[in-house]
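Biologist: Please take a close look at a single part of this model, the largest nonpolar core, and describe what surrounds it.

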Amino acid sequence: MIEPVDVRDLIDRPGASREVHLAEPLDGLAVELVSVPDPVRADLVLESVVEGILASGPLSGEMAFRCARCLKPSRQSFRLEVTELFSPAAGEEDDEYPLRDETIDLEPMIRDSVVLAMPFSPLCRSDCLGLCERCGGDRNLGECSCGPQVDPRWAPLAGLELD
């Protein structure tokens with residue numbers, strides 16, 4: 001869990017800024033096939049603006065996933081650039097994060113950014129052939145010995161000989 005960041009030194013001082021560096025694990029940062037088991041690194045610049053506090057900079061880490069086609073486990077690095085506003089006037093419907101009690105909570109922003117960057121259908125490689133739907137063999141390894149599948153609707157025509 002990431003502790004809220006005290007920004008008293010930045011509030012009502014437009015132009016003032018400081019850097020924040022974090023490397024924290026975030027429990028439950030996962031979707032069906034993808035998770036982030038290791039800490040997410042954040043190197044952010046917090047800048048005071050008229051509307052609140054602007055947080056910008058890179059988020060990086062590593063995603064662990066199962067290929068959507070062949071189900072092999074794999075890992076892939078990620079690096080995201082974020083620019084988000086923390087505002088004292090932020091509400092439920094706003095696209096801003098809340099600035100409350102002179103602190104900002106970076107965890108929701110980091111979670112939102114990383115989850116939105118997770119692939120919907122992760123692949124171990126772009127040309128992954130996946131598993132055979134009949135025998136379950138890995139087509140990437142040549143484990144499938146099934147012949148071409150014939151559509152049963154055309155089966156009666158298979159024995160037809162034309163002169």
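**The nonpolar core and its surroundings**

Modeller: This is a predicted model, and in it S60 touches P39, V40, R41, F78 and R79, leaving aside residues up to four places away in sequence. S60 lies in strand 5, which spans residues 52-66, and S60 counts as buried because its relative accessible area is 16%, where the cut-off is under 20%. The largest nonpolar core has 32 residues, of which L106, I110 and V114 touch the most other members. Two or more residues of this core come from each of strand 2 (17-24), strand 4 (40-49), strand 5, strand 6 (73-87), strand 7 (97-100) and helix 1 (106-117), and strand 5 gives the most, with 5 residues. Such grouping fits a broader pattern, since in soluble globular proteins nonpolar side chains tend to be buried together. I110 touches I2, L22, L26, V40, A42 and L59, again not counting residues up to four places away in sequence; V40 is thus a contact of I110 and also of S60.

Turning to a loop, D101 is placed between strand 7 and strand 8 (103-104), and E102 is found in the loop between these strands as well. D101 is exposed, because its relative accessible area of 72% is over 50%, whereas E102, at 41%, counts as partly exposed. Phi of D101 is near 50 degrees, a positive value in a residue other than glycine, and E102, also not a glycine, has a positive phi of about 60 degrees. Most residues other than glycine have a negative phi.

Definitions and conventions: Residues numbered from 1 in each chain as written. Predicted model: local features only at pLDDT ≥ 70, side-chain atom pairs only at ≥ 80, totals over all residues. Heavy atoms only, no water. Helix = DSSP H or I, 4+ residues; strand = E, 2+ residues; numbered from the N terminus. Buried < 20%, exposed > 50% of the residue type's maximum accessible area, 1.4 Å probe, protein only. Contact = heavy atoms within 4.5 Å. Core = buried A, V, L, I, M, F, W, Y, C linked by side-chain atoms within 4.5 Å.
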